[in-house]
Amino acid sequence: MSQPARLTALPAPVRDPFAARWPLASTVSDRERGPLPHGSPGAVLRRAAEVLGEPRIPSTGVGESAALDLIAGLLDEHGIDLSHPHAAAHLQPPVLQVAVDADALASASNASMDTYDSGPATLAIEQWVVRALASLAGFGPQADGVLTPGGSISNLLAILIARDSAAAAAGIDVRRNGLQGFDRPVVFCSELAHFSVQRACAALGLGEQAAITIPSDDNFRMRTDVLAEELARSGRTPVAVVATAGTTDFGSVDPIAPIAALARQYGAWLHVDAAYGFGALFSERLAPLLADVPLADSVTLDLHKIGWQPAATSVLLVADRSRFAAFDRSVDYLNPADDIDSGLDGLLGRSLQTTRRPDAVKVATTLTAYGRAGLGTMVDTCHELAHAAAARVVADSNLELLAPVTLTTVLFRVAGQGLDASGLDAVQGEVRRRLLTSGRVLIGRTKLPARGGRPAAVALKLTLLNPNATATDIEDLLDQVVATGLDVLTGEGAA
């Protein structure tokens, strides 16, 4: 391997108009040491367990201050620092300090979202957040939504609603009688869709094989020609088509408009999984990527991805609030009918949960604090960093770019002259493990699907969601990738 190339002119990230750096939260005091503790996973977990001591509840506590100091010290010494500029593995961003502070307010209230008398202010806050996000998505006044514990649950709720809708169209009361009489219900999604689609099908009694995967094209977008062929097959009931707006590995956005047209033609629900990509709507520059989202019947979004919120902060939006009718419940000890008629109802009829914490508090605070422009600047900064990283990879003969940048993800690998496909794959895995156990750099990995005669390949992945990172930080990170790759290829260092 040659010495790493360096770029002299990388895009300069745009900064927060209100501060020199974005105020991000962290539990780690020494950011210079790296995003992870040094050592093998087994050793780190043993050290952390030793801090906690014997796994039993003590008969006498040590007191509040000592207990807080113990846990804070454990997180500082053995935890992850997502605010470190070399933390770039997953769709797991550093979080805004204002969101952490607001989340403490939500916890202190201990409000629940099921009934009016469990927290009136937080009911109003969630409804405000849902309406604001529905408006951002381009939905009309009939839209509604609900906050959920994560994108997987949002997708589950969407497919549940789609299943009930398809069953009702077939004259089947699936809620009372199950799937009996349903003519092989199926759900279509891209081969690159999130695995929660298969999990939802299993949980809803459809079975994982009911998820029919459609191949993606050279731009990692669902192939609508194959979708049309699959929808036309007889002997099964198209329940839903799931389009992805921001695939986990590529950030690619499926062609929503033609997918919507096909879904309508065959009477299928259109769900857009925008858990990753929805945050692009904060950015004037990137919003056109999601211009066709209003064609969807439902949308998943995760603000604990692009949104810089503490996990978990997912939302399911539906274009027509009447679709939530299947969740309606009147329970004597919570929301009897006469109380509902008197305006004492809550959001029990939006969720499979009963007690549900007021996660909208941190979202409302963040949206109010920064507005679309502030959050859009953060999105644009991370997008620019991804392009800067891709430019460095392209300029460096030691590295190979594997896919174009769409949102904030960069797929690449360490180059290795003379190695076969399996040998190259092994190098990528070893490079990532060495960087991870060093504690200095945290990057991801995935597998690039086979394309145009090229076999599937293990790839390294940068998921850049830290708006305080700079082009220099990315240069330093990739320098360490190149140096570690050289060690692996020459057989130096621990295997």
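Two strands pair if DSSP finds at least two bridges between them. Helices (H or I, at least four residues) and strands (E, at least two) are DSSP runs, numbered from the N terminus.

The model is predicted: local features need pLDDT of at least 70, side-chain atom pairs count only at pLDDT 80 or more, and totals for chains, interfaces and linings use all residues. Residues are numbered from 1 along each chain as its sequence is written, and side-chain values use heavy atoms, with hydrogens and water left out.

**Exercise 1. Find the strands that pair with β3, and state how many bridges join β3 to β5.**

Step 1. Locate strand β3 at residues 185-190. Strand β5 covers residues 237-244.
Step 2. Count the bridges: 5 join β3 to β5, and the two strands run parallel. P185 has T237 as its bridge partner in β5.
Step 3. Turn to strand β4, residues 211-214. β3 pairs with β4 over 4 bridges, again in the parallel sense. Here F188 stands opposite I212.
Step 4. Add helix α7, residues 196-203. Together β3, α7 and β4 make a right-handed β-α-β unit. Right-handed means that, with the strands pointing away from the viewer, the path from the first strand over the helix to the second runs clockwise.

**Exercise 2. Decide which way the side chains of β3 point, and whether they are buried or exposed.**

Step 1. Recall the general pattern: in a regular strand the side chains alternate between the two faces of the sheet.
Step 2. Sort the residues. P185, V187 and C189 point one way, while V186, F188 and S190 point the other way.
Step 3. Check burial (buried is under 20% relative accessible area, exposed over 50%, partly exposed in between; 1.4 Å probe, protein chains only). In β3, 6 of 6 residues are buried.

**Exercise 3. Trace the salt bridges of D103, D144 and E430.**

Step 1. Apply the rule: a side-chain nitrogen of Lys or Arg lies within 4 Å of a carboxyl oxygen of Asp or Glu. The count comes to 29 salt bridges.
Step 2. Take D103 and K362, at 3.8 Å from N to O. D103 sits in helix α3 (residues 97-109) and K362 in helix α11 (residues 360-395), 259 residues apart. Both are buried.
Step 3. Take D144 and R321, at 3.9 Å. D144 is in strand β2 and R321 in the loop between β8 and α10, so this pair ties together parts 177 residues apart in sequence. D144 is buried at 14%, whereas R321 is partly exposed at 31%.
Step 4. Take E430 and R433, at 3.4 Å. Both lie in helix α12 (residues 421-438), 3 residues apart, about one turn of the helix. E430 is buried at 15%; R433 is partly exposed at 44%.
Step 5. Look for shared partners. D103, R357, D359 and K362 join into one network.

**Exercise 4. Describe the lining of the largest pocket by class.**

Step 1. Fix the term: on a 1 Å grid over the protein atoms alone, a pocket is an open set of points where a 1.4 Å probe fits, with protein on both sides within 12 Å along at least five of seven lines; lining residues have an atom within 4 Å of a point.
Step 2. Count the lining: 27 residues, with L91, H194, F195, T248 and K305 nearest the centre.
Step 3. Name the largest contributor. α5 gives 3 residues.
Step 4. Sort by class (Ala, Val, Leu, Ile, Met, Phe, Trp, Tyr, Cys and Pro are nonpolar; Asp, Glu, Lys and Arg charged; the others, Gly among them, polar). The lining has 8 nonpolar, 13 polar and 6 charged residues.
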